[in-house]
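Student: I'd like to learn how to read a model like this one, feature by feature. Can we sit down with it and go through the contacts, the helices and the packing?

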Amino acid sequence: MRLLEEFEHEHRLVDRVAGSLIRFADSSADGTTSAEAVTDFVHFFRVFVAGYHHEREEQVLFPALVERAEVPANRGPLPAIEADHREAAALVDELEREAGSRERAGEVARRLAHHLWEHVDKEDSVLLPEAADRLRRNGVTTLDGREPSADEEAARELGERLTERFPPIEDPAIVRGDGCVACSAFAVTCGGIEKEWWNDWETEYHRSLDEG
Ligand SMILES: [Fe+2]
Ligand SMILES: [Fe+2]
């Protein structure tokens, strides 16, 4: 499904820009970054990530799952992902507010990067494969988003340039992981995909796949 493939592709860019935030945080500590870099990161996250990427997840994919693939709207993964999107927006606001302080901007950038990596990992390992499977089984074979506006496309290119200015690095403090167990919402606001989305028949079906 084209939209899901676009999401995966966009996640690769978000993943790399998160690595650039770590590079930015490290260079903030030695005083070599500028407030202008903060402005560029903030613009990329507001216009491309929130305005284009999250917008299509919430406005196209989620309604398709709820209306056409029997996914609950008010509990489980969908509200957990929406809460993540709000948290990302709040961190971007905080980054903007701290633009005048290298040290504090670096600290917020690091938290934002950690948040984004966890978010991308839960979507790539759980949301997107589960969504593809459910939509297909419910007879939904095409799902299209929309073309980016000129501003959104320019923000995507800005993100690419940020990865050149701040070559992405990993953060040794972070261990990334796949599946619901790696998600901070698991057992807090969300019972996990099996409990929240699968009915008895689906649980049986997945078990038979695991058993080969
Ligand atoms: Fe996403
Ligand atoms: Fe998302």
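Student: Let's start with charged pairs. Which side chain meets Arg165 in a salt bridge?

Tutor: A salt bridge here is a side-chain nitrogen of Lys or Arg within 4 Å of a carboxyl oxygen of Asp or Glu. Arg165 pairs with Glu36, at 3.8 Å from N to O. Arg165 sits in helix 5 and Glu36 in helix 2, so the pair ties together parts 129 residues apart in sequence. Helices, by the way, are DSSP runs (H or I, at least four residues), numbered from the N terminus.

Student: Before I trust any of that, what am I looking at?

Tutor: This is a predicted model, in which local features need pLDDT of at least 70 and side-chain atom pairs count only at pLDDT 80 or more, while totals for chains, interfaces and linings use all residues. Residues are numbered from 1 along each chain as its sequence is written, chains are lettered from A and ligands numbered from 1 in the order in which they are written, and side-chain values use heavy atoms, with hydrogens and water left out.

Student: Is Arg165 buried, exposed or partly exposed?

Tutor: Buried means under 20% relative accessible area, exposed over 50%, and partly exposed in between (1.4 Å probe, protein chains only). Arg165 has 39%, so it counts as partly exposed.

Student: How many salt bridges does a search of the whole structure find?

Tutor: There are 28. Take Arg12 and Asp124, whose side chains meet at 2.9 Å, N to O. They link distant parts of the chain, with Arg12 in helix 1, Asp124 in helix 4, and their positions 112 residues apart. Both are partly exposed: Arg12 at 38% and Asp124 at 22%. Then look at Glu152 with Arg146, where the closest N and O atoms are 2.8 Å apart. Glu152 is buried, at 9%, whereas Arg146 is partly exposed, at 29%. Salt bridges can share partners as well: Arg2, Glu6, Glu10, Arg56 and Glu147 are joined that way into one network.

Student: What does a buried lysine like Lys122 touch?

Tutor: Lys122 lies in helix 4 and is buried, with a relative accessible area of 9%. Contact means heavy atoms within 4.5 Å. Leaving out residues up to four places away in sequence, Lys122 touches Ile81, Asp84, Leu127, Cys183 and Ser184. With Asp84, the side chains make a polar contact of 2.7 Å. That term covers a pair of N or O atoms within 3.5 Å; within protein, one must be able to donate a hydrogen and the other to accept it, and residues adjacent in sequence count only if both atoms are side-chain atoms.

Student: Where does helix 4 bend?

Tutor: At Glu123, by about 40 degrees. The bend is the angle between axes fitted to the seven residues ending at a residue and the seven starting there. After the helix comes Gly139, with a positive phi near 85 degrees.

Student: And the packing: which residues have the most contacts inside the largest nonpolar core?

Tutor: A nonpolar core is a set of buried Ala, Val, Leu, Ile, Met, Phe, Trp, Tyr and Cys residues joined through side-chain atoms within 4.5 Å. The largest has 31 residues, and Leu21, Phe24, Phe41, Phe44, Phe45, Leu95 and Leu112 have the most contacts inside it. Helix 2 gives the most to this core, with nine residues. Apart from it lies another core of 23 residues, including Phe7 and Leu65.

How values were computed. Helix = DSSP H or I, 4+ residues; strand = E, 2+ residues; numbered from the N terminus.
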